[in-house]
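Visitor: I would be grateful for a close look at a single part of this model. Please concentrate on the salt bridges and the elements that carry them.

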Amino acid sequence: MKKFLSYIIGIFLLTVFIAVLFDGLYTYVFMQSRNRGKIETVFNSTPKKYDVVILGSSRANNHFVSQMFEDKGLKTFNYGMSGGHLFEASLMLKLMIERKYDIRNIILEADLNLSNDQESEGVAAKFLPYMHCSKVIKDHFLTEENFNELYYIPFYRYVKFDSKIGFREVYKIGVNEKTNALNNLGYYPLEKHKNGNMKNNIVNLNPLPHNKYYEEIKNICKKNNINFIAVMTPMCENVVGMNYFDKVKKVYPEIHNYENIVVEDKYFSSCGHMTNEGARLFTARIIKDFFGK
């Protein structure tokens, strides 16, 4: 019996040792990553100075043409993340502040994403390699249900989110394989597709009366003397339930409603995402209204 128990304990300790070893190895690799995505690029960066930083979901990533701001003399980067929620946008801003970024203006896409205050697992997972290296990342995940497993069990987060931060990603970082996430100053242009989904129904969507992460972003901007610009971005003509944007305006009157600035379907790749041509029309209007002087 003693021999059996010793064997079990030995296997357990060996497993823990291997998990700790691989956890450290993977984390070390992610600490070297600077050209794969927006999150690791910010985490591993030195202090930067921006006139305009853009945050939000794909409706930020695909709608704000960074180069058009640059052409006006405004140093800009689009940190919108496809699939992301305000949970990730808030954490991205916290990370920039932790990295001592000097930011004059934040443009936040705040519309459909106001309807929830949950994390987007696929995007949030990309912050996890750094949760032992950054207090703001650790604290941001502290109230999540699975925090203890993610933080205290070595290598668990890499196994659970293998498709995002597992072996394949570690390998691609190791061979210095770049992605297109940082191209075009973070802006991702879309084309018109004949099979694009040009219908949407948001009748049952409602903005939360107090979205925790929207309020966090607003308060961080106030605390750091950053001009905060929150906007709603366009959707195509065939949306059912467009009064959602009126609901947002009622709950958050400070958010600027631009959902009807571009409406024709020819400017949309899908109902919620404009083509490059539509994005350029929209961005021109934003620059005119907020940076015209």
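Guide: In this predicted model, a network of salt bridges links Glu 215, Lys 218 and Glu 254. Within that network, the side chains of Glu 215 and Lys 218 meet at 3.4 Å, N to O. Both belong to helix 12, and because they are 3 residues apart, about one helical turn separates them. An α-helix has 3.6 residues a turn, so residues three or four places apart point the same way. Glu 215 is buried, with a relative accessible area of 14%, whereas Lys 218 counts as partly exposed at 25% relative accessibility.

Helix 12 also takes part in a pairing between distant parts of the chain. The side chain of Glu 216 forms a salt bridge with that of Lys 94 (3.1 Å, N to O). Glu 216 lies in helix 12 (residues 212–223) and Lys 94 in helix 5 (residues 86–98), 122 residues apart. Glu 216 counts as buried, its relative accessibility being 19%.

A further salt bridge involves strands. Arg 104 and Asp 51 meet through their side chains at 3.4 Å, N to O. Arg 104 is in strand 3 and Asp 51 in strand 1, so this pair ties together parts that are 53 residues apart in sequence. The two partners differ in burial: Arg 104 is exposed, with a relative accessible area of 52%, while Asp 51 is buried, with 16%.

The pairs described here are among the 12 salt bridges found in a search of the whole structure.

Conventions: Residues numbered from 1 in each chain as written. Predicted model: local features only at pLDDT ≥ 70, side-chain atom pairs only at ≥ 80, totals over all residues. Heavy atoms only, no water. Salt bridge = Lys/Arg side-chain N within 4 Å of Asp/Glu carboxyl O. Helix = DSSP H or I, 4+ residues; strand = E, 2+ residues; numbered from the N terminus. Buried < 20%, exposed > 50% of the residue type's maximum accessible area, 1.4 Å probe, protein only.
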